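Hi,

Here is the structure I promised to pass on to you. Have a look at it first, and then read my notes below.

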Amino acid sequence: MIRVLYLIILATVSCIVSSAQALDDKLRELDHVIERRDTYYMKHEHEIDSLTRIERAIHTGDMAGKFKAYHDLFNAYKSYQSDSARIYVNKELALAELIGNPEITATAKYDNIFAYMSKGDFTNAVKVLNSNTFANASDSLKAETYVLAARLYSDLSNFTSEKYEDDYAKMSRIYADSAYNIATPGSFASQLATYFLHGYRQNREERIAVFSEIVGRRNITPSLKAMIYSMLGDLYLSDNQTEKGLMYKAESAILDITSATRETTSKHFLAYELFGRGDIGRAAKYVHVALEDAESYNAPQRKAEIGRALSLIEASRYTSIKDERDNLWIILTITVAFVIVIVILFFNIRHKNHLLKKSSEIISRQNEEIKQRNKEISSHNIEIKKKNDEISKQNSEISEVNLQLRNLNTRLRESIKIKDKYLGYVFYLISEYIKRIESLYKIVNLKLTAKQPYDLSRMFPLSHIRV
């Protein structure tokens, strides 16, 4: 159970992170498109120039051709520049009155209603709608006109009431019902009529499904697709799917810019929402772009709406800038103090490096002296080694001499021993000889005393005394 709960939490967190990343990618895409918006506007200006040249090339007598050219120029200006759109609507109306064709007159009136609605002039739009000009128009044009009328009264209801239940809401449903009854089933007009007729009773999922089907149509213009994306964004935001809602608003803003649509609400709505999320930088950028578009289009109601958002965002931006400036001063002060400390440390280290350099030079000189002395010592050591070698050689010679002397001494000691033996033997012989002489002296003395000399000659023949 815990593992399942952990997996559910992990999947939820992954979805939230993925949605946030997708929104950030879409906003970066919008930032890129905003940076290049002049390119898209210049491209649209070139298209308008081409249409203008075509209109000027049409002969005045070709009133149908002229009307079509005015109508094309109105379509080019209707969401780009309201004053120029008004000029061509007026030309359409004047030419339609001369032509007298009900379809052409109804087309001019339709464009007139659209021009008033874009400027926020709902009163004149209702007057034109109530002029009964569309009775003889084709069913397709009447269906588109009734859908536009349903949208007109729906906008009036949104401006005057929070609930879609007032008289304007009822008129919107009446026109939507009329459009649905005459529109081709499955057509764009039929789908929008269904929304205005039953949308207030449908749940969000059903309305989202309707708009998703509409934006999937191949023949829908970029400006209409941008409007549907904006409405889808509102639905998702009301369902608390903020990231998805803002993604659709961002996609709507991208389509508005790339199709050169300046009558729009997505950018300033995005700015307000991002302001609430704390993204002041983007909010300020988007609201200024929205104001620039509103001023270029000259839509008073849009400028008023944007002005309210702009005042809030700019006030917050001023506070944010002031805080950033205060923080910058703090950072600058810390940085200056840090730089001063670094400078002090630099000079201190430099001074120590200078001392170290001097010490290094002294050590280098001493090392050189030591090296020189080592060389001298090495030379002395070589000489000493030579002398030691000579002494060793002499010692070897002395050792040999000593050995010889020891041998000689040994022989001498042996000779001395032999000599001592011989001397002892000689002394012994001498002693014995002396003893015999003494003995003879005694005998001789006795014989002489006894006066017997003749006995002596018999006792001691010549050379008889021997040891």
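The protein chain in this predicted model has an average pLDDT of 81, and 86% of its residues score at least 70. In case the term is new to you, pLDDT is the predictor's confidence in each residue, on a scale from 0 to 100. One part to be careful with is residues 4-17, where the pLDDT is below 50 and the model shows 0 contacts beyond near neighbours in sequence. A contact here means heavy atoms within 4.5 Å. Where pLDDT is low, the predicted coordinates should not be read in detail.

Some housekeeping before the rest. Residues are numbered from 1 along each chain as its sequence is written, and side-chain values use heavy atoms, with hydrogens and water left out. Because this is a predicted model, local features need a pLDDT of at least 70 and side-chain atom pairs count only at pLDDT 80 or more, while totals for chains, interfaces and linings use all residues.

Now the overall picture. The protein chain has 16 helices and 0 strands; these are DSSP runs, numbered from the N terminus, with helices being H or I of at least four residues and strands E of at least two. Of the 467 residues in the chain, 34% are buried. Buried means under 20% relative accessible area, exposed means over 50%, and partly exposed is in between (1.4 Å probe, protein chains only). Among contacts with a separation of 6 or more, 59% are between residues 24 or more positions apart.

Next, the helix pairs. Two packed helices are described by the angle between their axes and the distance between the axes. The axes are lines fitted to C-alpha atoms, for helices over the stretch in contact, and the angles run from 0 to 180 degrees between N-to-C directions.

Start with α10 (residues 204-215) and α11, whose axes come within 10 Å and cross at roughly 160°. That makes α10 roughly antiparallel to α11 (angles over 145 degrees count as roughly antiparallel, under 35 as roughly parallel, 65 to 115 as roughly perpendicular and the rest as oblique). Their crossing is left-handed, which is the name used if the near helix is turned anticlockwise from the far one by less than a right angle; clockwise would be right-handed. By class, the residues in this contact divide into 10 nonpolar, 2 polar and 3 charged. Nonpolar covers Ala, Val, Leu, Ile, Met, Phe, Trp, Tyr, Cys and Pro, charged covers Asp, Glu, Lys and Arg, and the others, Gly among them, are polar.

Moving along the chain, α11 (residues 222-238) also packs against α12 (residues 242-258), at an angle of about 165° and with the axes 7 Å apart. So α11 is roughly antiparallel to α12. On the α11 side the contact includes Pro222, Tyr229 and Leu237, and on the α12 side it includes Thr242, Tyr248 and Leu255. The class count for this contact is 10 nonpolar, 5 polar and 6 charged residues. Here too the crossing is left-handed.

What about α7 (residues 139-160) and α9 (residues 188-198)? They pack at an angle of about 30°, with 9 Å between their axes, and are therefore roughly parallel to each other. α7 passes α9 in a left-handed crossing. Ala143, Val147, Ala150, Arg151 and Ser154 of α7 meet Ala189, Leu192, Ala193 and Phe196 of α9, which gives 7 nonpolar, 1 polar and 1 charged residues.

Finally, a few single residues to click on. Ser190 sits in α9 and is buried, at a relative accessible area of 6%. Not counting neighbours within four places in sequence, Ser190 touches Tyr180, Ala183, Thr184 and Pro185. Ser190 and Ala143 are 47 residues apart in sequence, but their C-alpha atoms are 7.9 Å apart in space.

Ser79 is in the loop between α3 (63-77) and α4 (82-99). Is Ser79 buried or exposed? Its relative accessible area is 15%, so Ser79 is buried. Its contacts, again leaving out neighbours within four places, are Phe114, Ala260, Thr261, Arg262, Glu263 and Tyr297.

Last comes Asp72, in helix α3, which counts as partly exposed at 25% relative accessibility. Asp72 and Tyr88 are 16 residues apart in sequence and 9.2 Å apart from C-alpha to C-alpha.

Cheers
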